[in-house]
Amino acid sequence: SGSLLAVDGLKKYFPVKGGIIKRTTDHVKAVDGVSFDIERGQTLALIGESGSGKSTVARTIIGLHRATDGTVEFDGEDITNATDEQLARLRSRIQMVFQDPTSSLNPRRTIGKSLAVPLKARGVPKSERRDRVIDLLERVELNDEYWNKYPHELSGGQKQRVNIARALAVEPDLLLLDEPTSALDVSVQAKIIALLEDLQEEFDLTYLFITHDLSLVRNFADETAVMYLGEIQERGVTEEVFQRPRHPYSRALLSAIPVTTEEEEAYKPRHEPLRGEIPSPRDVPSGCRFHTRCPYSTDACSAEEPTFATVDSGPSVRCHIYDESYRDEFDEIPEVA
Ligand code: SF4
Ligand code: MG
């Protein structure tokens, strides 16, 4: 395919300390069969509550975790559990921006030095590095005054701009953005998102945008995948998913977003809010893993795991309600529009 990133059946299980080896219940199934792909220049948002496995997906893609199963293909190359040699090469094409802008910067290093490190690693001669760093600072709407500053002199938003600049220093194709704005004030969040949009256009960047803050997704991501307990439950074009979420989990999740416009009010899914807590990924419920919280759950839901069905040639949804062969199981079918 023409995808820049293709993830297929990705699993990441963590053994539980002190657990008995080979008992499946002694694993945390953080990622449990995730598939998606992203075309170059596009943004896919991976959304869901904390603990749904979103960050683990990104960390496994970039080689911070070894995949338990499944494949990751980048620009046609299989990079699943990449070798050190592969990883070194990929570092100039895939970068990650983390949630906490402070812990990812060395407190004893000036911003200028921090940004020069990846340039040095790429073989940019010393005489050119300062100009390149200033250029990077300007790309993220900072300036040469930051060259000599230390991280503690910067606000959270400024630090995150530096982190984005550092990721851009290697001229990557793909950015894995793991909750890049969630440690920041709301007003700063919008500015960082606007910056990411500008940079995407300028450099033809591809984004995997991970967030639990759904209000940021709608105008930013081309496609959205909704994750629950290590699995994608619904995926499709963002506007479709936000206007008419089909999966009961997506509906509950999206009905919790504050409505800001009349248009949004008109489409606001009127559905039950999410009840209860997300179960432990160490003890994933049988059948449909959402059945312990789903208002429509039937016996079939706890017995058999749903597969993806495409609804109205739109989003793909993992729910028996949309599977013809389970129609008789449900007497209450949620309205789609
Ligand atoms: Fe709810 Fe059943 Fe659909 Fe799962 S399969 S989301 S439990 S209706
Ligand atoms: Mg875009």
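## Buried residues and strand 8

A residue counts as buried if 20 or more other C-beta atoms lie within 10 Å of its own. The model described here is predicted. By that cut-off, six of the six residues of strand 8 (residues 206-211) are buried, and the strand is mostly covered.

In a regular strand the side chains alternate between the two faces of the sheet. In strand 8, Thr-206, Leu-208 and Ile-210 point one way. Tyr-207, Phe-209 and Thr-211 point the other way, and the residues of both sets are buried.

## Neighbours of strand 8

Which strand is joined to strand 8 by five bridges and begins at residue 43? It is strand 3 (residues 43-47), and the two run parallel. Within this pair, Leu-44 stands opposite Leu-208 of strand 8.

Strand 7 (residues 174-178) also pairs with strand 8 in the parallel sense, over five bridges. Here Leu-177 stands opposite Phe-209 of strand 8. Between strand 7 and strand 8 the chain passes through helix 6 (residues 186-203), and this β-α-β crossover is right-handed.

## The antiparallel sheet

Four strands form an open sheet in the order 2-1-4-5, and their pairing is antiparallel. Strand 2 (27-39) and strand 5 (77-78) are the edge strands, each pairing on one side only.

How many bridges join strand 1 (residues 3-15) to strand 2? There are ten, and the two strands run antiparallel. As one example from this pair, Leu-5 has Ile-38 of strand 2 as its bridge partner.

How values were computed:
Residues numbered from 1 in each chain as written. Chains lettered and ligands numbered in written order. Predicted model: local features only at pLDDT ≥ 70, side-chain atom pairs only at ≥ 80, totals over all residues. Pairing = 2+ DSSP bridges. Buried ≥ 20, exposed ≤ 12 C-beta atoms within 10 Å, placed from the backbone. Right-handed = clockwise from strand over helix to strand, strands pointing away.
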